[in-house]
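Thanks for coming, everyone. I'll keep this short and go through one structure, piece by piece. Please have a look at it first.

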Amino acid sequence: MLCRVSNLRRYAASLSPALNCVASRQKHTLPDLPYDYGALEPHISAEIMQVHHSKHHATYVNNLNVAEEKYQEALAKGDVTSQIALQPALKFNGGGHINHSIFWTNLSSNSRGEPQGELLEAIKRDFGSFEKMKEKMSAACVAVQGSGWGWLGFERESGRLRVAACANQDPLQATTGLIPLLGIDVWEHAYYLQYKNVRPDYVKAIWNVVNWENVSERLRAANK
């Protein structure tokens with residue numbers, strides 16, 4: 001009997017870190033936008049911004065919290081099968097939350113039109129000119145099949161800027177190793193209400209509201 005009690009105590013002790021993690025885990029929340037829904041008009045309509053932020057991003061946040069809660073329960077039980085089965089939901093909704101949280105800050109109603117300083121010099125070094133970088137990233141965005149994202153990222157190993165595209169909500173850094181600087185959402189929910197199925201027009205318009213100060217800050221942080 002004493003042996004049995006001792007085994008139960010050891011089992012409970014082994015579970016306590018996972019249970020504590022479940023109890024202390026803070027839920028993800030939908031971030032506030034740093035501007036009004038209509039601030040990016042006429043390039044992105046207030047209706048699109050409202051639906052995109054309060055509906056689509058909110059759904060990723062809610063589903064991520066549900067998936068993480070189930071994952072922590074599976075961890076506590078040592079249920080490896082359930083842990084593996086939850087990976088797609090964690091990747092999709094976690095990626096959606098990460099990507100959109102970057103996207104909102106990448107946009108501004110007070111865009112300077114083009115980058116300056118260290119960021120501009122890095123773009124000229126790695127792409128030849130700002131216009132060439134825009135052309136390359138725009139082409140990558142338009143070429144995404146189905147849904148996904150176009151990105152300007154920083155490759156830490158080489159210290160260079162790279163253009164990349166990711167399918168669905170795959171997060172750039174976890175997928176490619178590139179540190180995200182600027183992302184363009186090319187899911188139809190990001191533009192269809194205004195641009196219908198003409199993605200190139202949306203991609204062309206979004207350059208008018210890029211927050212280059214935010215992109216520059218991300219580059220400085222990546223270089224540290």
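When I say contact, or that one residue touches another, I mean heavy atoms within 4.5 Å. Bear in mind that what you see is a predicted model.

Let's use that term straight away, on Arg156. Arg156 touches Ile179, Ala222 and Lys224, once residues up to four places away in sequence are set aside. Where does Arg156 sit? It is in the loop between β1 and β2. Its relative accessibility is 47%. Buried would be under 20% and exposed over 50%, so Arg156, at 47%, counts as partly exposed. Its side chain also reaches the backbone oxygen of Ala222, at 3.0 Å. And look at Leu178. Arg156 and Leu178 are 22 residues apart along the chain, yet their C-alpha atoms are separated by 7.3 Å.

Now the sheet. Three strands form an open sheet, in the order β2-β1-β3, with antiparallel pairing. β2 and β3 are the edge strands, and each of them pairs on one side only. From one strand to the next, the twist averages 25°.

Take β1, residues 148–155. Is this strand mostly covered or mostly open? Mostly covered: seven of its eight residues are buried.

On one side, β1 runs antiparallel to β2, residues 160–167, and eight bridges join the two. One pair to find there is Gly153, whose bridge partner in β2 is Arg162. The two strands form a hairpin with four residues between them. In the turn, Gly159 has a positive phi of about 70°.

On the other pairing, β1 meets β3, residues 179–185. That pairing is antiparallel too, over six bridges. Two pairs are worth marking. Gly150 stands opposite Ile184 in β3. Phe154 stands opposite Ile179 in β3. Ile179 should sound familiar: Arg156 touches it as well.

What lies across the sheet? Helix α6, residues 130–143, lies across β1, β2 and β3. It runs at about 140° to β1.

That brings us to the core. In soluble globular proteins, nonpolar side chains tend to be buried together. Here, the largest nonpolar core has 52 residues. Which of them touch the most other members? Met133, Met137, Leu152, Leu161, Tyr202, Trp207 and Trp212. Pick Met133 as an example. Leaving out residues up to four places away in sequence, Met133 touches Ile123, Phe127, Leu152, Trp207 and Trp212.

Trp212 leads on to the next helix. Helix α10 covers residues 212–222. Its buried residues are Trp212, Asn214, Val215, Ser216, Leu219 and Ala222. What do they pack against? α4, α5, α6 and the strands β1, β2 and β3.

Look at α10 together with α5, residues 117–127. Their axes come within 8 Å and cross at roughly 80°. Angles of 65 to 115 degrees count as roughly perpendicular, so α5 and α10 are roughly perpendicular to each other. On the α5 side, Glu118, Leu119 and Ala122 make the contact. On the α10 side, it is Trp212, Val215, Ser216, Leu219 and Arg220.

Next, a stop just before α5. Ser108 lies in the loop between α4 and α5. Buried or exposed? Ser108 is buried, because its relative accessible area is 12% and the cut-off is under 20%. Its side chain reaches the backbone nitrogen of Asn110 at 3.0 Å. With neighbours within four places in sequence left aside, Ser108 is in contact with Leu40, Val209 and Asn211.

Last stop: His57, in helix α2, residues 46–77. How accessible is it? His57 has a relative accessible area of 0%, so it is buried. Its side chain makes two polar contacts to point out. One goes to the side chain of His97, at 2.9 Å. Another goes to the side chain of Trp104, also given as 2.9 Å. Beyond its neighbours within four places in sequence, His57 is in contact with Leu30, Pro31, His52, Gly96, His97, His100, Ser101 and Trp104.

That's the tour. Questions, please.

Methods:
Residues numbered from 1 in each chain as written. Heavy atoms only, no water. Core = buried A, V, L, I, M, F, W, Y, C linked by side-chain atoms within 4.5 Å. Buried < 20%, exposed > 50% of the residue type's maximum accessible area, 1.4 Å probe, protein only. Pairing = 2+ DSSP bridges. Polar contact = N/O pair within 3.5 Å; in protein donor to acceptor, adjacent residues only side chain to side chain. Axes fitted to C-alpha atoms, helices over the stretch in contact; angles between N-to-C directions. Parallel < 35°, antiparallel > 145°, perpendicular 65-115°, else oblique.
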